[in-house]
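Colleague: Could you take one part of this structure, the charged side chains and their pairing, and go through it closely for me? I would like to follow the reasoning residue by residue, with some sense of how far the model can be trusted.

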Amino acid sequence: MLDRQNAIQDAFDSAEAINRRADEKMQNYSKRIANVEEEGREIIRKAKERADLQAKDIIEDANKEAGEIIAKAEHNIEVEKEKATAEMRSEIAALALMAAEQIVDGEIQQKGHEAVVDEVINKARSTGWQS
């Protein structure tokens, strides 16, 4: 009977030792799972930081490019404005020259002042002044 009692006690002791080892393994697995979850959160956090930096760089590049485009457009507008002013000066000078020719030819006395102005305007139109 004592042998049997010892065998049962040994079985209980062995079962208790196995349960302790199982609990220890379970705790280790729980710690590992917690570590894996934390590592996952850290990976996601770092990926988000990189994405935010990339987005910031993209926005900065787009703003810089937009600024360059605006500056170029403003420059082109200024160049076109200067061209238009030069053309207008040239046309005004041509009109003034035509009017002076009319005056020199003495047409003012014959036709009257308003008729000369009308003739200058008509000549200007026929030469493409208002194209």
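Modeller: Glu16 is a good place to begin: its relative accessibility is 45%, so it counts as partly exposed, because that class covers values between the 20% limit for buried and the 50% limit for exposed. Please keep in mind throughout that this is a predicted model. The mean pLDDT of the chain is 85, with 89% of its residues at 70 or more. Confidence is highest in helix α1 (residues 2-104), at a mean of 90, and lowest in helix α2 (residues 107-111), at 57.

Glu16 forms a salt bridge with Arg20, and their closest N and O atoms are 3.1 Å apart. Both residues lie in helix α1, where a spacing of four residues corresponds to about one turn of the helix. Arg20 has a relative accessible area of 44% and is therefore partly exposed as well. As a general point, side chains of opposite charge can pair when their charged atoms come close.

The structure holds six salt bridges, and a second one joins Glu49 to Arg45, with 2.4 Å between the closest N and O atoms. Glu49 and Arg45 are separated by about one helical turn because they stand four residues apart in helix α1. Glu49, at 41% relative accessibility, is partly exposed, and Arg45, at 38%, is placed in that class too. This pair also belongs to a wider arrangement, since Glu42, Arg45 and Glu49 are linked in a network of salt bridges.

Another salt bridge connects Asp52 with Lys48, whose closest N and O atoms are 3.1 Å apart. Here again the partners are both in helix α1, four residues apart, or about one turn of the helix. Their exposure classes need to be given separately: Asp52 has a relative accessibility of 41% and so counts as partly exposed, whereas Lys48, at 52%, is exposed, because the exposed class begins over 50%.

Charge also appears without pairing of this kind. Asp57, Glu60, Asp61, Glu65 and Glu68 gather in a surface patch of negative charge, and a residue enters such a patch only if it has over 30% relative accessible area and takes part in no salt bridge. Asp57, which is found in helix α1, meets the accessibility condition because its value is 42%, which makes it partly exposed.

To set these details in the whole chain, there are three helices and zero strands, giving the pattern α-α-α when read along the sequence. Of the 131 residues, 7% count as buried. The chain exposes about 11,600 Å², and carbon and sulfur atoms supply 56% of that area. For the charged side chains you asked about, then, the picture includes the one-turn pairs Glu16 with Arg20 and Asp52 with Lys48, the linked trio of Glu42, Arg45 and Glu49, and a negative patch that has Asp57 among its members.

Technical notes: Residues are numbered from 1 along each chain as its sequence is written. This is a predicted model: local features need pLDDT of at least 70, side-chain atom pairs count only at pLDDT 80 or more; totals for chains, interfaces and linings use all residues. Side-chain values use heavy atoms; hydrogens and water are left out. pLDDT is the predictor's confidence in each residue, from 0 to 100. Helices (H or I, at least four residues) and strands (E, at least two) are DSSP runs, numbered from the N terminus. Patches are made of residues with over 30% relative accessible area and no salt bridge: like charges are joined within 9 Å, nonpolar side chains (Val, Leu, Ile, Met, Phe, Trp, Tyr) within 5 Å. Accessible areas come from the Shrake-Rupley method with a 1.4 Å probe; for residues, only the protein chains shown count as cover. A salt bridge is a side-chain nitrogen of Lys or Arg within 4 Å of a carboxyl oxygen of Asp or Glu. Lys and Arg count as positive and Asp and Glu as negative; His and the chain ends are not counted. The place of a charge is taken as NZ of Lys, CZ of Arg, CG of Asp or CD of Glu. Buried means under 20% relative accessible area, exposed over 50%, partly exposed in between (1.4 Å probe, protein chains only).
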